[in-house]
Amino acid sequence: MPCELPPGVSPGQIFRHVRYYRAQSGEWKTKYLLVLAGSPSGDIIYRLLTSRAYNRPKDPPCFHGVPYPGFYLGLIGAPLTADSWLNLHQADDYEGLAFSADLNRGLIQCVRTLPQALLRAALDCVANADDTTRQQERCIRDARALLTC
């Protein structure tokens, strides 16, 4: 079964989710996520972005070490105005219908798209990360193969 994304969603898009999780105070917290690929069931394979370095290196950009594996994205541009890393820790796939509903409700919004060269490097790094499942790896590699040079 092929790996597919919902219509209008593509690898490399960065989405701002205004209700990603609730803090202990009950306040909703915003997170940014990078779409990597679709799954065979149409779910979104993604990883979160962070601006907290936590000893993640900039060089090499792909770091699989402990305690904070990440991929250095650099200065992406507004609204992401600080150095950013892709968090390589495990993330459950975002259910495709829920993603589309959240998009329609305005809870998530595409804010940027990564340049293809940076996206290719990020996909390679995430595909090799310890927390990436076999199915995620296969779909990420499929998405990577479809990118133009």
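Counted along the chain, the bonded cysteines of this protein pair in the pattern 1-4, 2-3. Keep that pattern in mind as you go around; the model you have open is a predicted one.

**Stop 1: the disulfides**

There are two disulfides to find in the structure. Start by selecting Cys-3 and Cys-139, which are joined by a disulfide with an S to S distance of 2.0 Å. Cys-3 sits in the segment before β1 and Cys-139 in helix α3, so this pair ties together parts that are 136 residues apart in sequence. If you put a dihedral on the link of Cys-3 and Cys-139, expect -65 degrees about the S-S bond, a left-handed link. Is Cys-139 buried or exposed? At 1% relative accessibility, Cys-139 counts as buried.

Next, select Cys-62 and Cys-125, whose sulfur atoms lie 2.0 Å apart in a disulfide. This pair links distant parts of the chain, with Cys-62 in strand β4 and Cys-125 in helix α2, 63 residues apart. The torsion about the S-S bond of Cys-62 and Cys-125 is about 85 degrees, so this disulfide is right-handed. Color the two ends by accessibility: Cys-125 counts as buried at 2% relative accessibility, whereas Cys-62, at 29%, counts as partly exposed.

While cysteines are on screen, click on Cys-110 too. Its relative accessibility is 31%, so Cys-110 counts as partly exposed.

**Stop 2: the strands β1, β2 and β3**

Now switch to a cartoon view and select residues 13–22 and 28–38. These are strands β1 and β2, which run antiparallel and are joined by six bridges. To see one facing pair, show Phe-15, which stands opposite Leu-33 in β2. Then follow the chain through the turn: β1 and β2 form a hairpin with five residues between them, and Gly-26 in that turn has a positive phi of about 95 degrees.

Carry on along β2 to residues 44–50. Here is strand β3, antiparallel to β2 and joined to β2 by five bridges. Ala-37 has Ile-45 in β3 as its bridge partner. Which residue takes a positive phi in the hairpin of β2 and β3? Select Gly-42, with a phi near 85 degrees; this hairpin also has five residues between the strands.

**Stop 3: the salt bridges**

Side chains of opposite charge can pair when their charged atoms come close. The structure holds six salt bridges, and the tour calls at some of them.

Begin with Lys-58 and Asp-83, whose side chains meet in a salt bridge at 2.8 Å, N to O. Lys-58 lies in the loop between β3 and β4 (62–63) and Asp-83 in strand β6 (residues 80–87), so the pair ties together parts that are 25 residues apart in sequence. Lys-58 counts as partly exposed, at 46% relative accessibility.

Move on to Asp-124 and Arg-144, where the side chains meet in a salt bridge at 3.2 Å, N to O. Asp-124 belongs to helix α2 (residues 116–127) and Arg-144 to helix α3 (residues 134–146), so parts that are 20 residues apart in sequence are tied together. Asp-124 counts as partly exposed at 31% relative accessibility, and Arg-144 counts as partly exposed at 27%.

Finish within helix α3 by selecting Arg-141 and Glu-137, whose side chains meet in a salt bridge at 3.0 Å, N to O. Four residues apart in helix α3, Arg-141 and Glu-137 are separated by about one helical turn. Arg-141 counts as partly exposed at 34% relative accessibility, and Glu-137 counts as partly exposed at 26%.

Key: Residues are numbered from 1 along each chain as its sequence is written. This is a predicted model: local features need pLDDT of at least 70, side-chain atom pairs count only at pLDDT 80 or more; totals for chains, interfaces and linings use all residues. Side-chain values use heavy atoms; hydrogens and water are left out. Two strands pair if DSSP finds at least two bridges between them. Helices (H or I, at least four residues) and strands (E, at least two) are DSSP runs, numbered from the N terminus. A salt bridge is a side-chain nitrogen of Lys or Arg within 4 Å of a carboxyl oxygen of Asp or Glu. Buried means under 20% relative accessible area, exposed over 50%, partly exposed in between (1.4 Å probe, protein chains only). A disulfide is a pair of cysteine sulfur atoms within 2.5 Å.
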